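Welcome! Open your viewer, and let us walk through this model together, one selection at a time.

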Amino acid sequence: MIALATKLPLADAAANSCAPGLPASFCHQHSTTSCVARNGFFCASWAVDNLDRYAGPFAKHALIVVISVGVGCAIAIALAVLSHRFRWLVPPLTGFTGVLYTVPSIAFFFLLLPITGFGTDTAVIALSAYTLQIIYRNTVAGLANVPPEALDAGRGMGMTARQLLWKVEMPLAVPEIIAGLRIATVSTVAIATLAFFAGAGGLGDPLYKDISFKTNVILAGGLAILMAIGFDLLLLLLQRLVTPWRRARPA
Amino acid sequence: MAASEACVSGHLLPLASVLDSFRGAFDFMLHQRDSVTGGGVQVGGLSAVGHLAWTQLWVSALALGVSFAIALPAGLILGHRGKGEFLAVGLGNAARAIPELGVIAFLVAFVGVGLRNVTIALMILGIPPILTNTFVAIRQVDRGAVDAARGMGMRGAQIVARVELPLAAPTIMTGVRTAAINIVATATIASLVGVATLGKLILGQDTYGVDGVLAGAILVALLALMVELGLSAVQRLITPRGLRLQRSASRA
């Protein structure tokens with residue numbers, strides 16, 4: 001690991017003779033690589049040599065996203081099932097999850113600090129709170145859109161309310177639930193770049209440390225976007241796997 | 001980012017200390033005090049904090065206004081002609097993957113800092129949801145209503161202004177609300193690139209202390225909620241009466 005300026009590089013920019021915006025300590029170590037010294041658009045050789053620096057933050061970022069979306073998804077689906085049973089819960093829960101979604105993540109992290117402290121927990125609580133709204137709304141809509149004929153058929157087969165829920169309504173709502181899950185996951189990957197402010201690490205950490213080094217910004221930002229695309233494709237694949245009946249339909 | 005010792009020390013501190021933190025934050029908002037760095041610099045107090053909040057509000061409003069002015073006509077034209085679905089919808093989906101911090105970092109590394117650049121960067125996050133929602137809303141307008149308007153002798157521009165736009169208004173406003181949430185959130189971290197918004201308090205513990213950080217977080221949350229409530233009120237106001245009746249009927 002190369003020692004990097006820990007402060008915002010902008011602050012040191014004026015004090016050195018290397019490319020504008022780069023911290024002096026940084027240029028000193030890379031004076032042999034002209035692309036880095038110039039702060040070129042994208043220094044491919046530097047990127048290849050230093051890719052391993054991003055492995056740890058990338059893995060942590062993915063972990064934060066998976067845990068946050070997992071927790072958020074479990075809570076949101078539980079709330080949706082509950083409000084499918086008790087319809088009067090829908091407006092207050094929609095309002096509540098909407099309020100959580102409105103609060104900017106950075107404010108959320110620092111509001112939680114006096115309560116949950118500095119670290120991954122705080123980041124996970126805030127990020128999972130963000131996923132609630134979209135997953136809850138989609139699950140409620142998915143359950144409400146189940147065709148009445150399917151329910152009638154289930155009842156005709158002698159299913160209880162619980163069997164109807166798990167064997168008819170939930171499977172038919174899966175496409176809408178996963179649609180919500182995809183949106184939630186992609187946004188969580190993006191918002192998790194701020195998780196390092198709460199002490200949770202992730203790709204925001206390297207991104208912010210060398211915020212004026214172009215190669216770093218492209219690499220760290222690019223990795224975050226690639227992760228979002230990757231998770232999105234995985235969920236799409238999951239949807240195809242768990243809803244085989246949709247593939248059988250003629251196009 | 002260094003947290004105070006009090007914050008690092010443990011999970012679930014007693015309620016009293018949590019209340020104390022919040023009391024400190026409100027004290028910071030209301031009364032001036034010496035900055036942590038010393039040197040007789042005064043921080044906090046209503047006017048200083050109010051100034052930061054005001055900057056954040058108007059930078060956000062400016063970015064939202066310009067985004068709206070660009071995205072609404074574009075969405076209306078594309079939606080009315082039924083063209084560019086890939087662009088309009090794809091853009092909205094792709095924009096969700098863009099990290100807020102990435103946008104700020106892109107500014108620092110490639111474009112340069114300053115108020116004008118920050119406003120442009122905020123528009124990157126504001127335009128996609130408005131464009132996508134406008135496009136989708138126009139496409140979802142009941143074709144029967146459009147045909148009826150055409151049968152009454154309305155022309156293209158009249159149909160857009162008097163039929164499609166009013167019927168699409170609620171969905172368009174949903175896009176505006178999403179854009180506003182994105183913009184206010186990103187305007188917070190715009191303090192990283194020298195625009196003095198409330199984020200300056202949140203990310204400036206060295207100067208403002210823990211009380212200042214918490215005060216900033218509380219105010220950002222309140223500001224975002226106010227913007228959201230204001231825009232939902234606008235959304236209710238501009239929803240045509242016919243649509244409201246239809247909705248309450250379908251709910252009953």
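## First stop: the end of a helix

Begin by selecting A:Gly158, which follows H9(A) and has a positive phi, near 85°. Keep in mind as you look that this is a predicted model. Now widen the selection to helix H9 itself, residues 148-156 of chain A. How many of its 9 residues are buried? The count is 0, and the helix is hardly covered.

Jump across to chain B and select helix H7, residues 143-151. This helix is hardly covered as well, with 0 buried residues among its 9. Just after H7(B) you will find B:Gly153, with a positive phi of about 95°.

## Stepping back: chain A as a whole

Select chain A and colour it by secondary structure. You should find 13 helices and 0 strands. Of the 251 residues in chain A, 42% are buried. Contacts reach along the sequence too: among those in chain A with a separation of 6 or more, 68% join residues 24 or more positions apart.

While chain A is selected, find A:Asn39 in the loop between helix H3 (34-38) and helix H4 (44-50). A:Asn39 is not a glycine, yet its phi is positive, about 55°. Is A:Asn39 buried or exposed? A:Asn39 counts as buried because 20 other C-beta atoms lie within 10 Å, and the cut-off for buried is 20 or more.

## Two helices crossing in chain A

Next, select H6(A), residues 90-102, together with helix H8 of chain A, residues 120-144. Their axes come within 7 Å and cross at roughly 145°, and the crossing is left-handed.

To see the contact, show these side chains:

- On H6(A), pick A:Val90, A:Leu93, A:Thr94, A:Thr97, A:Gly98, A:Leu100 and A:Tyr101.
- On H8(A), pick their partners A:Ala129, A:Tyr130, A:Leu132, A:Gln133, A:Tyr136, A:Arg137 and A:Val140.

Coloured by class, this contact shows 9 nonpolar, 4 polar and 1 charged residues.

## A crossing in chain B

Move to chain B and select helix H4 (residues 85-95) and helix H6 (residues 115-140). These axes come within 8 Å and cross at roughly 140°, so H4(B) is oblique to H6(B). H4(B) passes H6(B) in a left-handed crossing.

From H4(B), the residues to show are B:Ala88, B:Val89, B:Leu91, B:Gly92 and B:Ala95. They meet B:Leu125, B:Pro128, B:Pro129, B:Leu131, B:Thr132, B:Phe135 and B:Val136 in H6(B). The residues of this contact divide into 10 nonpolar, 2 polar and no charged.

Keep B:Ala88 on screen and add B:Ala74, which lies in helix H3 (residues 46-81) of chain B. These two are 14 residues apart along the chain, and their C-alpha atoms are separated by 9.1 Å. B:Ala74 is partly exposed, with 18 other C-beta atoms within 10 Å.

## Where the chains meet

Now show both chains. 38 residues of chain A are in contact with 36 residues of chain B. On the chain A side, helices H6 (90-102), H7 (105-116), H10 (161-191), H11 (204-209) and H12 (214-242) each supply at least two residues. Which helix gives the most? That is H7(A), with 9 residues. By class, the side of chain A that touches chain B has 27 nonpolar, 10 polar and 1 charged residues.

## Into the core

Select A:Ala107, A:Phe110, A:Val189, B:Ile104, B:Ile202 and B:Ala217. In the largest nonpolar core, which has 133 residues, these touch the most other members. Helix H8 of chain B (residues 156-189) gives the largest share of this core, 15 residues.

Centre on A:Ala107. Leaving out residues up to four places away in sequence, A:Ala107 touches B:Thr188, B:Ile202, B:Ala217, B:Val220 and B:Ala221.

## Last stop: B:Thr188

Finish at B:Thr188, in helix H8 of chain B. This residue is buried, with 30 other C-beta atoms within 10 Å. Beyond its neighbours within four places in sequence, its contacts include A:Pro104, A:Ile106 and A:Ala107 from chain A. From chain B, they include B:Gln56, B:Thr197, B:Leu198 and B:Gly199. B:Gln56 is 132 residues from B:Thr188 in sequence, but their C-alpha atoms are 7.1 Å apart in space.

Terms used
Residues are numbered from 1 along each chain as its sequence is written. Chains are lettered from A and ligands numbered from 1 in the order in which they are written. This is a predicted model: local features need pLDDT of at least 70, side-chain atom pairs count only at pLDDT 80 or more; totals for chains, interfaces and linings use all residues. Helices (H or I, at least four residues) and strands (E, at least two) are DSSP runs, numbered from the N terminus. A residue is buried if 20 or more other C-beta atoms lie within 10 Å of its own, exposed if 12 or fewer, and partly exposed in between; C-beta atoms are placed from the backbone. Two residues are in contact if their C-beta atoms, placed from the backbone, lie within 7 Å. Ala, Val, Leu, Ile, Met, Phe, Trp, Tyr, Cys and Pro count as nonpolar, Asp, Glu, Lys and Arg as charged, and the others, Gly among them, as polar. Axes are lines fitted to C-alpha atoms, for helices over the stretch in contact, and angles run from 0 to 180 degrees between N-to-C directions. Angles under 35 degrees count as roughly parallel, over 145 as roughly antiparallel, 65 to 115 as roughly perpendicular and the rest as oblique. A crossing is left-handed if the near helix is turned anticlockwise from the far one by less than a right angle, and right-handed if clockwise. A nonpolar core is a set of buried Ala, Val, Leu, Ile, Met, Phe, Trp, Tyr and Cys residues joined through C-beta atoms within 7 Å.
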